[in-house]
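Please read the following as a short walk through one structure, starting from its aromatic rings and ending at a helix.

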Amino acid sequence: MLQKGKQRLLSFVAANQFCPSFAGVFVNPFWLCRRALYHKLYAHAPHLLGRVLDFGCGTGPYQALLTSATEYIGLEYDSPENRRYKRADIYYDGQTIPLDDASIDSVLSTQTLEHVPNPEQIVTEWARILRPGGQLLLTMPFMWPECNLPLK
């Protein structure tokens with residue numbers, strides 16, 4: 001019985017990380033930001049059409065929102081940790097996205113661009129792989145705590 005309760009709690013916590021319910025306020029320290037982000041993605045993600053690249057997909061928490069996509073491609077930086085814990089379809093070297101020019105209809109990037117050391121190059125890569133008239137849905141943190149700050 002205790003194991004079943006623990007499993008239910010873990011499932012509740014996991015479900016409330018990217019799509020927080022009202023009760024998720026108790027388990028997600030970023031509840032307010034994540035809830036607002038989810039609602040905006042819920043409104044805009046269905047407009048991404050065709051072949052959609054989820055840049056920095058992680059575990060693919062927003063894949064279900066891409067209701068107009070004909071193909072979903074999750075992309076992650078290639079590292080042993082990412083290969084172990086993330087659910088990517090393809091991995092990249094941090095420099096070049098291994099897709100052909102003009103081969104993607106839409107790019108989704110949620111809370112990832114601030115983590116790459118070369119954002120200008122990545123944006124150039126997005127432009128290279130997007131078809132003419134392609135769409136980009138990009139989110140970046142604003143109310144997030146600063147990450148990777150040097151310790152004083």
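By about how many helical turns are Tyr38 and Tyr42 separated in helix 2? The model shown here is a predicted one. In helix 2, which spans residues 31-44, Tyr38 and Tyr42 are four residues apart, so about one helical turn separates them. In general, an α-helix has 3.6 residues a turn, so residues three or four places apart point the same way.

The structure holds four aromatic pairs. Tyr38 and Tyr42 form one of them, a tilted pair with 6.2 Å centre to centre and 35 degrees between the planes. Tyr38 counts as buried because its relative accessibility is 17%, where the cut-off for buried is under 20%. Tyr42, with a relative accessible area of 53%, is exposed.

Another aromatic pair, also tilted, is formed by Phe55 and Tyr92, at 5.6 Å centre to centre and 55 degrees between the planes. This pair links distant parts of the chain, since Phe55 sits in strand 1 and Tyr92 in strand 3, 37 residues apart. Both Phe55 and Tyr92 are buried. Together with Tyr77 and Trp126, Phe55 and Tyr92 form one aromatic cluster.

Trp126 leads to helix 4, residues 119-129, where Ile122, Glu125, Trp126 and Ile129 are buried. Viewed down the axis of helix 4, the buried residues fall within an arc of 100 degrees, and therefore they line one face of the helix. Elements that cover these buried residues include strand 1 (50-55), strand 3 (90-92), strand 4 (104-110) and strand 5 (130-139). On the face of helix 4 turned away from the buried side are the exposed residues Glu120, Thr124 and Ala127.

Note on methods: Residues numbered from 1 in each chain as written. Predicted model: local features only at pLDDT ≥ 70, side-chain atom pairs only at ≥ 80, totals over all residues. Heavy atoms only, no water. Buried < 20%, exposed > 50% of the residue type's maximum accessible area, 1.4 Å probe, protein only. Helix = DSSP H or I, 4+ residues; strand = E, 2+ residues; numbered from the N terminus. Arc of directions from axis to C-beta. Contact = heavy atoms within 4.5 Å. Phe/Tyr/Trp six-rings, centres within 6.5 Å; stacked < 30°, edge-to-face > 60°.
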